[in-house]
Amino acid sequence: MPSIIVVGAHWGDEGKGKIVDMVAQKADMVVRYAGGDNAGHTVINNHGKFGLHLVPSGIFAKGVICVIANGVAVNLESLAKEVDSLEKSGIDMSRLRISDKAHVVLPYHIQLDGLEEKARGDDAIGTTKRGIGPMYQDKVGRIGIRVGDLLDPDQLASRLGIAVEGKNSQLQHYGEKPVSYEALYAWCRKLVERLAKYVCPTEDLINDALDKGKTVIFEGAQGALLDVEFGTYPFVTSSSTIAAGVYPGAGLRPRAIDCVLGIFKAYTTRVGTGPFPTELLDATGNRIRERAHEFGTTTGRPRRCGWFDAVAGKYSARINGMTAGAITRLDVLDDFKSVKICTGYTIEGKVVNHFPANLHHLRLCKPVYEELPGWMEPTSHLRDFSKLPKNAKAYIKRIEKLVGVPMKLISIGPRREETIEVAPLVTVKKGKRKG
Ligand code: GDP
Ligand code: IMO
Ligand code: MG
């Protein structure tokens, strides 16, 4: 299985971390290519329980090289903390690599994230306040600072000089105190010294690994509906979270991917504001949240919960070019008498079968549900698809048909081993790449 992209199918928190940790056991390299420490990927394995934000979830697999590629928004302070804490847990961090071209999140980005959110008032996005939006604004605005710039004192002085001037006029607009160039310069140098040994042109590493027929996993962050192009704009994050984001985000050549694995949760959740057609604002929504302990890994906020949205799922499968799917958290639905799947929307009585781009239309969408009988049996101990209760299999098959993706992994618990492998993810033979 040479190259696999793992992407979130809905609004994030689908269980990407768990699946990457599992798939990485047979891999040579795991690469993060988008987002920053707004991501929170939970991994539970024989080393313990971890909430990873920047370090790829393959770090627990022996000998696997873990790459933070150029598309990632790198907060050096939180990365240094994550590295320290993993080292304390006995994890070998010498396998970490950080792109010299990745942009860094600086304290003023975090400050501006908070100020911009406040200024949005009722239209606030509900960001994770990790400075992600302001950092990507600077990247495309060409006043960003890259990890490699930090390593060169002269380059850093000149880049920071330009950036601080611009940022101080923005902060002044909000009535805030200006940033001290000297203090920021010293802060950047200190942090980068700690992480310098990991920095390199990661696109070379990744392409070399693929040339040699190695198995490389690309770990997506967030989900397709938070993608800056295809998500529920403007209630999205600021990076390209879909599978295609891997090309600019990691420096990959097109056609280098053998499998796009979409991670679907057995129901749907969202954190932050923005439209969510199947949201359940009733006792059923609370029941899912409590049973599944749906609280954010990064911010601890309660996640909004709803039934599985197959309209959004089908849209996501298409824009990601998914070749396989995984359904996670099936066990959460184990004691529901019946379960519902949203198969379409109506707007003022008219049927809508696509996922609307217009925010106003999306807000008006009323879900059309298909109700299926529940299975009312525990599933976490099962490891064989054929042993799943009949109604659980029927639920999976119905989702598969509606979204148009074969579900090759079924997750029935948060631990690595609580997974049913239905079929191999990739059938391409090692070393046979044409791309
Ligand atoms: P990610 O951001 O996509 O990696 O997902 P998160 O880690 O933010 O959230 C997923 C949550 O579901 C975590 O608490 C996982 O430990 C948990 N989880 C993953 N798969 C399963 C599963 O199959 N069953 C249960 N009960 N929990 C799961
Ligand atoms: P993982 O990788 C769920 C959401 C925020 C907010 C919007 C914009 O763990 O699935 P941002 O801080 O990125 O500017 O916030 O995006 N968001 C996530 N929601 N999972 C995530 O990551 C998220 N990362 C960002 O809640 O609505
Ligand atoms: Mg998460």
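A backbone N or O atom of Gly40 lies 2.8 Å from an oxygen atom of ligand 1. Gly40 also serves the magnesium ion (ligand 3), as a protein donor alongside Asp13. A polar backbone atom of Gly40 is 2.9 Å from an oxygen atom of ligand 2. This is a predicted model, where local features need pLDDT of at least 70, side-chain atom pairs count only at pLDDT 80 or more, and totals for chains, interfaces and linings use all residues. Residues are numbered from 1 along each chain as its sequence is written, chains are lettered from A and ligands numbered from 1 in the order in which they are written, and side-chain values use heavy atoms, leaving out hydrogens and water.

**Magnesium ion (ligand 3)**

- Asp13 (OD) and Gly40 (O) lie 2.0 to 2.2 Å from the ion. Donors are N, O and S atoms within 2.8 Å of the metal (3.2 Å for Na, K and Ca); water is not among the atoms, so the site may look incomplete.
- The two donors sit 27 residues apart and link distant parts of the chain. Asp13 is in the loop between strand 1 (3-8) and helix 1 (16-23), while Gly40 is in the loop between strand 2 (29-32) and strand 3 (41-45). Helices (H or I, at least four residues) and strands (E, at least two) are DSSP runs, numbered from the N terminus.
- Gly40 is buried at 11% relative accessibility, and Asp13 is partly exposed at 23%. Buried means under 20% relative accessible area, exposed over 50%, and partly exposed in between (1.4 Å probe, protein chains only).

**Ligand 1**

- Ligand 1 has 18 residues around it, and Lys16, Thr42, Arg329, Asp331 and Ser411 come nearest. A residue counts here if one of its heavy atoms lies within 4 Å.
- A polar backbone atom of Lys16 is 2.8 Å from an oxygen atom of ligand 1.
- Asp331 places a polar side-chain atom 2.8 Å from a nitrogen atom of ligand 1.
- The protein buries 92% of the 580 Å² that ligand 1 exposes when taken alone. Accessible areas come from the Shrake-Rupley method with a 1.4 Å probe; for residues, only the protein chains shown count as cover.

**Ligand 2**

- Among the 20 residues around ligand 2, the nearest are Asp13, Lys16, His41, Thr128 and Thr237.
- An N or O atom in the side chain of Thr237 is 2.6 Å from an oxygen atom of ligand 2.
- Asn38 has a polar side-chain atom 2.9 Å from an oxygen atom of ligand 2.
- Of the 560 Å² of accessible area that ligand 2 has on its own, the protein covers 97%.
- Domain 1 (3-95 + 201-421) and domain 2 (103-197) each supply at least three residues to the shell around ligand 2. The domain bounds come from an automatic or database domain assignment.

**Backbone points**

- Most residues other than glycine have a negative phi, and most peptide bonds are trans.
- Arg329 is not a glycine, yet has a positive phi of about 60°. Arg329 is in the loop between strand 15 (324-328) and strand 16 (338-347), partly exposed at 25%.
- Glu348 also has a positive phi, near 45°. Glu348 lies in the loop between strand 16 and strand 17 (350-352) and is exposed at 71%.
- Tyr233 and Pro234 are joined by a cis peptide bond, with omega about 5°. Pro234 is in the loop between strand 10 and helix 9.

Key
Polar contact = N/O pair within 3.5 Å; in protein donor to acceptor, adjacent residues only side chain to side chain.
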